[in-house]
Structure formats: structure tokens, C-alpha cells
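Me: I am new to this structure and would like a close look at a single part of it, the place where two helices from separate chains meet. Please take me through that part slowly, and then set it in its surroundings.

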Amino acid sequence: MSTTTVKPMKPWAATPRDRALTTLSVVLAALSTFAIVAATPMKGKIAYFFVFFIAWLVIDSLFVLQKNGVKGVGNGFAEKLTFLGALIVMMAVSSILWSAISRGAAGLNIAYFTQNMRNASIFDPIGMGGIAHAIFGTLLLIAIAIAISVPMGILTALYLTEIKGKAAGLIQFLVQAMSGVPSVVAGLFIYAAVILNTPLRPSAFLGGLALTILMVPTVTRTSQEVLNLVPRDLREAGLAMGATQWKTVALVVVPAARSGLITAVILGVARIAGETAPLLFTVGTFDSYNFNPFVGQNSAIPVIIWSGLNAGSAESIQRAWSAILILLIVVLVIFVSARIFGKKSMKK
Amino acid sequence: MSLDAPEKTTPQARKITTKPRVSDQIFRGVVTAFSFSALVILALIALFLFLKGFSALKAQGFNFITSFEWNVFVDDTGKEVAHFGLQAMLVGTVVISIIALLIAVPLAVLTALFLTFYAPDRIKKILITVIDLMAAFPSILYGLWGYFVLMPMAIYWAQLINKWLGWIYIFDVPEPIFSRSPFIAGIVLSVMIIPIITSVSREVFSQTPLDRVQAAYALGATKWGMIRAVVLPFGANGVVGGSMLALGRAFGETVAVFSVLNIVYRTNFQVLYTQGGNVASHIIQRFGEAGATEMSALIAAGLVLFMLTLLVNFFANYIVTKTVKSGR
């Protein structure tokens, strides 16, 4: 007896004829695009892009109409439209990234990372003066914000996931409301509450306080998600062994969620690393290092960019682009490390 | 042998209590105390902005919202005269945010649909990462990009719109200056809020019940037919919620808008003209040179902005949590 194996069929797969038609429609669309752009007063890359898209849409729809009928045309239309939407968003992102990289790279050199602006004015050529002091200032601000907001955020998350008290609903709501506080209001608040009322003057510490307001909601919400992922069994096992709730949380729940909690902190840092507006009220600017977080104005990368942009000389704008490139790299590194830690916590 | 039974000792019943140990009491106390930090911070913000803005609010009354003059000077008699009105700034904020939403919502929904239903797995992963990253870009990067890269292009687009649609009032301009207009600020803001709307919409779309999706296919629907009949009605609330979250962000955005907007104290609806208003940018602009009287007015403006964003966020979160968690 001979058995015949049925060859698997894929009726949905594209036949060579379909592929040929797809290629043909793209070629036809490209040809007609050049013809239309040449014949009409339209100009520019964007005109080419849209004319090509419309031409492709029309020509391909004709092929689809011949194969699948009117319903198929609507279907193909929708598919291409969603593709166009995603493409436009990607074009915006790549334009932003490319402008930061291409314009920022020109101003990078050793001095840029090692010197400060004490002996350099905004008109000095690139190569004199750098942003080392601002990098230090930003790190100081981030350290202060972490020191305050991490206990606050993680303890709030513990209240929401472990204690689940009567106020949990209210707290949840308030944390969400807090994540919507505009950054300028956070700065204005510190200004109104501290600088107008006490002898404290703009300093890294006050900047850290303002950033804390923006960081706490991010840390809380992410930690809450992570703590909710810790299996109930672990908590129950801890309690069944006779541990108190405090011991269970400290020795079982938090270690189990450790890498997730680190992710929460990292995402919080990503939220505040590039904030500019609150720092204008609370930190001020300074041309050199200021190692005292409580007294005297300090500098930060976003503020350097801001003042470079407003100074308006070609050199200062070049420095601003270079600083934004560095800030972007910092954010990228933060983002990637958050991803890595996040994946780790998912596996556990 | 006497059989003196040993006296029975019934052990004292162990006292069972649900009273936590001291260590737990301390733990719960500390955690609960810290959990109220959100409440305390929000209350303090409202309190101090109100206290410090009160003198301006009292002096200006309702004019603070309805008038559009913003000046303070010393007149001939040496008396300080102050007019503070936020109308132009408030209207400008709303106009710019609406432009941003009009651009961002269609793009974000299309992107979310593409990601959920059309994109191949590998492209999908990359795109999601890129869009998440976009949400983490510093706002000053958007400002720089908007001013140096987008503006030259956007001016050309504005000229085109003005040429063909100039007969409509909002696209008309009193004189042909198209730079630093609400239109350009709106485009910059739209790029900033696209990731918010996209991620919320994507989450809602991906929660569409599979049985309904398959039912639609079984009835012979095309993919687009299925999306229109099942996914869009299901996800509509989520899209609205995400858009409102984005609106809250758009209201409060400062640096990016300031870089590309020419702030003028006149209520202006002609969106292509180089004249706009924005509460947050206005605070930043005036802050440096403000005296005590004006500072109070700026803090009051901050209070108005705070209340506005709080309100929008409240509705947004209400809609999002309701839709995303329980479906419909």
C-alpha cells in the first residue's frame, strides 16, 4: 500500500503573479510620481513622498479590485493607510534623532567633556570650554531626587500592594493625578513654598526637590506593577512559615521583585533627566563646579542647552546641540538598561 | 495501690489574636505614613500656589481670566498699576493643544492599528521600542528640533495652507509672517503626545475579545471590516482616554512650546500667524524679570494651569482605568 502525503497548501500565500503585480504597481507609481511632480509646481521630498503614496494607492487598488472586488479595495486601502501613519511617525522620530546626531557630533571633543565654562564665553570657538560642570550638576540633581523619591515611591507602592489599606483607592487616584503635574508647576511650587518663604536660595537641593515631585509617580506606578507580579504563593509561604508581614516583605517580596524595582528607579530617572523648566526656578545657572548641594546655584545639562539656545550665537547653539546629543545618549543608556532589568524581572 | 488519678490540668486556651506584632505595627505605620506623601505634596502645591498667588487674584478678580492685558508699570503719581489677564494665554494653550490633538490622534490610532494588526512581529517589536523611547526624549530636544529643523518646513506648509484655504478665517493672516505660529507649536506638541496616545490605544486594541474577532472573520469580514465592526467600537473609549491624557500633557508642556512660539498678549485664532499664547511658556518668559507683584500673578497663573491639568487628568484616568482594566 502506498501512502500519499498531501502537500500542504497555502492558499493565502502570494503567488508569483501577485508578487509581479505588486512590483509592477510600485514601479508604475514611481514613474507617475516623477511625471506628476515634473508637470506641476509641487516640489520637495515631501511632495514626492505623498504623490508616490497616492499613486501607489490608486494603482494597487486597481489590481486588488480586479482580484478581490470592492471589499478588497477597502481592506487594502486601510492596510496602506495604517502603514502610512506608522511611517510618518517613524519619519518624525528619525528626523529628531538624525538632527541631534548630525548637528551634535560637530561640537564634541575632549575639552567638551573635561572643561567647564569658567574661562570661556559663549562666543569662544568650539574646543574652548565644555560642560563637565553641567554633567556633574545633573548627576548631583539625579542623586538627590533618587534619595528622596525612591523611599517615597516604593513605600507608597508597598502600601498599595501589601497593606491594601482603606485609603488604597484614594492613594492610587492621587498618584495618577500627581503624574500629570506639569513640570513648570513643580518648579513654581518649590519657588513659592521655599524660596519666597525661607532663606534658602536656588541650589541643587531645591532642584532635586522639584524633580522629586515629577519622579515619585513614575517610581510608584512601575514598582506597583512589579510588586503585583510577585506570586501570592510566595507571600503566603512566608506567612505560613511564621514570618511576620514585615519579614515577609523584606526577605521575600522585595528581593523577588528586585530587578523590577531597579527598573522602576531607572524609569524615574529617565523621566527627570531631561527636565528643564523646573530647574530654571530652583537651580539657576553656574559656570563652574559647585560641590555644595545646599548653597549656591548649580548647572545642569538641560539648563545649559536652554541658555545656549537663548544666547543665540552660532557657537552657543552648536554647544547646545552637542549637549542635547549627550543628554540623548544618557537617556538612551538609561532606557536600554531599564529594558535589560525589566526582562530579568519578567523571567523570574 | 491507690488509683489517684493525676489531677487533670486543662491547659489554658492559647489566646488567639489578630493583633500584629510590634514590628508589623511599625512597618504598617511607616508604609502608611509614606503612602500619604502624594496627598501631602498635591495639597501643598495647591496651598502654596494659592497663598502666594492670592494677592494677584484678589486684585484682579475675574479679570485674571477674562482680560488679555499683561503689564505692570509705575504711573505719574508713583503708584503701581498692574493689569494681569490670562485670557490670551489660556485661549492660546487650548488652540495649540487642539491643533496637536487633530494631528496626533489620527496618526497615533493608525500607528496603533498597524502595530496590533498588520505589522510583522519583528518590525512590531522595533516600532514599540522606538515609540517608547520617543516618550522618553527630553522636551528640550523637541524644542530644538522644532525650531531648527521643523520650522523651515512648517513655514512652507503654512504658506501652502494659507494659499489654498486662506479664505477660511482661521487660516487667514493679517500679514505674511508664518514663523513661530500656534500651527508650528501644535505640530511640535503633536509629535510629543503621539507616543502617549499610541501606547494607550495599542493596549486597548490588543484587549479586544478574541471570540468577537473570530466571529467577525467567520462571518466573512475582511480585516478592515473586522477592525471597523469590532475593534474600533471596543477601543473607542480607550482612544478618548489616551487622547485626554495627552491633552493634559499638552496643556503643561513648557520648553518645547516656548522655543517655537511667539508669545503675544492678544487673543488670536488665526493659527498660521506668528502670534500665540501659552500659560506655561508665559510663566517661563516673564519669570526672569518679574517683580513681587508680577511674581504673585505668575504663581496664580501656575495655579490655574495646575487646576486645569488636574481636571483633565482626572477625567482621562477615569476613562482609561475603566476601559483598560475591565474592557467594556
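Reply: What follows begins with the helix crossing and then moves outward to the chains and their other parts. Please keep in mind throughout that this is a predicted model.

The two helices in question are α2 of chain A, which covers residues 45–105, and α4 of chain B, which covers residues 87–118. Their axes come within 7 Å and cross at roughly 115 degrees. Because angles of 65 to 115 degrees count as roughly perpendicular, α2(A) is described as roughly perpendicular to α4(B). The crossing of α2(A) and α4(B) is also left-handed.

As for the residues that make this contact, α2(A) contributes A:E79, A:L81, A:T82, A:F83, A:G85, A:A86, A:I88 and A:V89, while α4(B) brings B:L107, B:L110, B:T111, B:L113, B:F114 and B:Y118. Sorted by class, the contact of α2(A) with α4(B) has 10 nonpolar residues, together with 3 polar and 1 charged.

This crossing can be set beside the contact between the chains as a whole, in which 66 residues of chain A are in contact with 63 residues of chain B. On the side of chain A that touches chain B, the largest share comes from α2(A), with 19 residues. The residues of that side of chain A divide into 48 nonpolar, 16 polar and 2 charged.

Within chain A, the domain assignment gives domain 1 as residues 16–105 and domain 2 as residues 120–347. The centres of these two domains of chain A, taken over C-alpha atoms, are separated by 42 Å, and 5 residues of domain 1 are in contact with 5 residues of domain 2. On the side of domain 1 of chain A that touches domain 2, the residues divide into 3 nonpolar, 1 polar and 1 charged.

Chain B, for its part, has a hairpin to look at, in which strand β1 (residues 70–74) and strand β2 (residues 80–84) pair in the antiparallel sense over 5 bridges. Among the bridge partners, B:W70 is matched with B:F84 in β2(B), and B:N71 is matched with B:H83 in β2(B). The hairpin of β1(B) and β2(B) has 5 residues between the strands, and in this hairpin B:G78 takes a positive phi near 85 degrees.

How values were computed: Residues numbered from 1 in each chain as written. Chains lettered and ligands numbered in written order. Predicted model: local features only at pLDDT ≥ 70, side-chain atom pairs only at ≥ 80, totals over all residues. Domains from an automatic or database assignment. Contact = placed C-beta atoms within 7 Å. Nonpolar A, V, L, I, M, F, W, Y, C, P; charged D, E, K, R; others polar. Pairing = 2+ DSSP bridges. Helix = DSSP H or I, 4+ residues; strand = E, 2+ residues; numbered from the N terminus. Axes fitted to C-alpha atoms, helices over the stretch in contact; angles between N-to-C directions. Parallel < 35°, antiparallel > 145°, perpendicular 65-115°, else oblique. Left-handed = near helix turned anticlockwise from the far one by under 90°.
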